[in-house]
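Please open the model in your viewer and keep the selection panel at hand. The tour goes from one selection to the next, and each stop says what is found there.

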Amino acid sequence: MGCTYMSEWNHFVTMKGTNHGIVVYLDDQCSFEQVLQELEEKLTSNTSSGNTEISIHSQYRYLTETQRQEIEEIIKHYNHLSIKSIDSYVMTREEAHDLFEKSTVKTVMKTIRSGQIHSVKGDALIIGDVNPGGTVEATGNIFVLGKLRGIAHAGIEGDVQCIVAASFMHPNQIRIANKISRAPDYDVEGSPREFAYVNPTTEQIELNQMQHLQKIRPNLLDVFERGL
Amino acid sequence: MGESIVITSGKGGVGKTTTTANIGTALALMDQKVCLIDTDIGLRNLDVVLGLENRIIFNLIDVIEGRCKLQSALVKDKRFDCLHLLPAAQTSDKNEVTPEALSDLIEQLKPDYDYILIDSPAGIEQGYKNAVAGADKAIVVSTPEKSSIRDADRIIGLLEQEGLSDPPFLIVNRIRKHMVDSGDMLNVDEIVSTLSIELLGIILDDEDVIRASHHGEPVAFQPNTKASISYRNIARRILGESVPLMSLEDDKGFVTKVKKLLGMK
Ligand SMILES: Nc1ncnc2c1ncn2[C@@H]1O[C@H](COP(=O)(O)OP(=O)(O)OP(=O)(O)O)[C@@H](O)[C@H]1O
Ligand SMILES: [Mg+2]
C-alpha cells in the first residue's frame with residue numbers, strides 16, 4: 001500500500017533541466033495539494049545551489065490566482081530559485097475572450113471630436129481625424145489615418161511597448177502606459193507620418209518617422225509577442 | 001411639408017440669432033414661407049433683431065402650457081407676410097420646455113411653412129436639447145477663433161448622435177480678412193478641414209450687420225451690401241442652388257468650394 005502510494009506520488013512533479021534553467025511540469029489529474037506537497041519535497045531534495053530560474057508548467061490544470069500565489073510562496077523559500085514563468089495549456093473563457101479582444105484591431109470611420117472619448121480594447125484604427133479636445137484610448141496601439149490633434153493614450157493597461165502612429169502628428173498630448181508627453185507651449189506645425197513610442201533608454205515618449213517603425217517595433221502586430 | 005433647421009453653436013455670442021434672422025429674411029425674399037422660433041428662453045432677442053419686439057403678445061411657453069393657440073402666438077414680420085416669429089418667453093426658464101413639447105410644436109407648424117428655423121441658445125444643456133429636438137437639419141455657426149471652433153466641434157459631435165437627415169452644415173461668421181492675412185485668425189480652409197462638415201457660407205465681420213440689427217431690420221433685407229449678398233447666397237444654397245463662395249477678394253487660400261447642396265430641399 002505505502003509503496004504504491006510513493007511511486008504515484010513521484011509522478012506528480014517532473015523536473016527537467018534545460019539551457020534556460022529548470023522546467024517543472026505539474027501533473028494535471030491529481031489534487032493540487034498533492035502537487036504542492038511533492039513540489040516542496042522535490043525542491044528540498046534538490047542539491048543544486050547556483051542561482052536558477054524555473055519555469056512552471058501546469059499542463060491542462062487551470063491555476064487560479066490563489067494557486068499561483070501558493071506556488072510562488074513555496075519557491076520563495078529557496079533563495080537561489082526564481083520563477084521565470086508560470087504557464088499552462090488552458091485559460092478561462094473570459095481570458096480567451098479578453099485575449100481575442102486585445103489582439104484585434106477596432107476600426108472606426110469618423111472624426112473624434114472635442115469632448116468625445118473613443119475607447120477600445122485592442123488596437124484602435126481611426127479613419128478620420130482626432131480633433132483638439134478629442135481623446136482616443138486603447139489597450140493596444142493607436143493608428144490614426146488622419147490628423148491626430150487631440151489626445152491619444154495607447155497601452156492604457158500598462159503596456160509600454162504600444163505606439164501611437166498618425167498620418168499627421170500634431171497632438172495635444174500623447175500617453176503610452178503611464179508616460180505622458182504634451183505639445184510644447186510654443187506653436188508647432190505638426191508633421192506628417194510619425195509615430196510615438198517609449199524609448200527604453202530614456203524611458204520617455206519620443207517621436208520618430210514612420211519609416212523607422214519596423215526597426216523599432218518589429219513585433220508590433222504580434223499581440224502574443226507583446227507578452228499578453 | 002416644411003423642413004426644420006436648427007441654428008446652433010455651442011459657444012455664445014457667435015451670431016446664431018443674427019444668422020437666424022438674416023437667413024429667415026433672405027428666404028422670405030425668395031418667396032419662401034418661413035417661421036422663426038426663438039428657443040432662447042429667458043434671453044430672447046430674435047424679436048429685437050427683427051424689430052418685432054413691440055408686437056409680441058404670447059410666446060412659446062404660453063403655447064406649450066396651453067394658455068393660447070399656436071396661431072395667436074405667431075408674430076407676423078413687418079416686411080414680409082410669409083415670415084413669422086414664434087418668440088421666446090422673457091421670464092420663464094429653459095426647464096419649463098421639454099424636447100418632446102418643442103418637437104410636437106414644430107410638427108404642427110410644418111404643414112404651413114417651407115422652412116422652420118430654430119434659434120438655439122448657447123451651451124449644450126437643456127436649452128440646446130430642446131432646440132435640436134424637432135430639427136431635421138442643423139447649421140453650426142462658428143467664428144474663426146479657436147475657442148469657438150472647439151465648441152462647434154463639440155456641438156457637431158453631439159448633433160451627429162441626433163439622427164438628423166444630413167450631417168450639420170457650417171457657417172463661418174465674423175471673418176476679418178486682415179487678421180486672416182496676418183495669420184492671427186484661422187482661414188476658412190483650416191476651419192472646414194478641422195470640422196470636416198460641409199460649408200454653407202461665410203460672413204465677414206461687418207458693421208452693417210450690427211447697424212442693421214440695431215435698427216431692427218436684418219441686413220439681408222438691404223439690396224446689395226456685401227453682408228446681405230452673403231446671407232442671400234446662403235439662402236439660395238439652402239434652396240438647393242449651387243452658388244460659388246464669394247472669394248474674400250483674391251485671397252488665394254480661400255478657394256474652398258461649396259459643393260452642391262441639392263440635398264437641402
Ligand atoms: N457678421 C457680423 N459682423 C459684425 N457683427 C456681428 C456679426 N454677426 C453677429 N454680430 C454681432 O455679434 C453679437 C452677437 O450676435 P448674436 O446675438 O447673433 O449671437 P448669438 O450667437 O445669438 O448669441 P447668444 O449665444 O447670446 O444667443 C451681436 O452684437 C451681433 O450684432
Ligand atoms: Mg442668440
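**Where the two chains meet**

Begin by showing chain B and chain A together, which bury about 940 Å² between them, with 27% of that area on carbon and sulfur atoms. Please bear in mind throughout that this is a predicted model. To display the contact itself, select the 12 residues that chain B brings to it and the 11 residues that come from chain A. Within chain B, pick out B:R150, B:D153 and B:T194, the residues that lose the most area to chain A and that together make up 48% of what that side buries.

Next, turn on the side chains of A:R113 and B:E160, which meet in a salt bridge with 3.3 Å from N to O. Across this interface of chain B and chain A the rule finds 2 salt bridges, and it also finds 9 residue pairs in polar contact, counting pairs with both residues at pLDDT 80 or more.

Now colour helix 7 (146–159) and helix 9 (188–195) of chain B, the elements that each give two or more residues to the side of chain B that touches chain A. Helix 7 of chain B supplies the largest share of that side, with 5 residues. If you then colour this side of chain B by residue class, you should find 3 nonpolar, 5 polar and 4 charged residues.

**Around ligand 1**

Move to ligand 1 and select the 17 residues around it, of which B:G13, B:K16, B:T17, B:T18 and B:N173 come nearest. By class, the residues of this shell divide into 6 nonpolar, 6 polar and 5 charged.

Which atoms of ligand 1 lie 2.9 Å from B:G13 and 2.8 Å from B:K16? At B:G13, a polar backbone atom is 2.9 Å from an oxygen atom of the ligand, while at B:K16 an N or O atom of the side chain is 2.8 Å from an oxygen atom of ligand 1. Select B:L204 as well, where a backbone N or O atom lies 3.0 Å from a nitrogen atom of ligand 1.

With a surface drawn over the protein, consider that ligand 1 on its own has 630 Å² of accessible area, and that the protein covers 80% of it. For the last selection, show helix 1 (16–29), strand 7 (169–175), strand 8 (198–204) and helix 10 (207–214) of chain B, the elements that give two or more residues to the shell around ligand 1. Helix 1 of chain B gives the most to this shell, with 3 residues.

How values were computed. Residues numbered from 1 in each chain as written. Chains lettered and ligands numbered in written order. Predicted model: local features only at pLDDT ≥ 70, side-chain atom pairs only at ≥ 80, totals over all residues. Heavy atoms only, no water. Near = heavy atom within 4 Å. Polar contact = N/O pair within 3.5 Å; in protein donor to acceptor, adjacent residues only side chain to side chain. Areas by Shrake-Rupley, 256 points an atom, 1.4 Å probe, with all protein chains shown as cover. Helix = DSSP H or I, 4+ residues; strand = E, 2+ residues; numbered from the N terminus. Nonpolar A, V, L, I, M, F, W, Y, C, P; charged D, E, K, R; others polar. Contact = heavy atoms within 4.5 Å. Buried area = accessible area lost by both parts, 1.4 Å probe. Salt bridge = Lys/Arg side-chain N within 4 Å of Asp/Glu carboxyl O.
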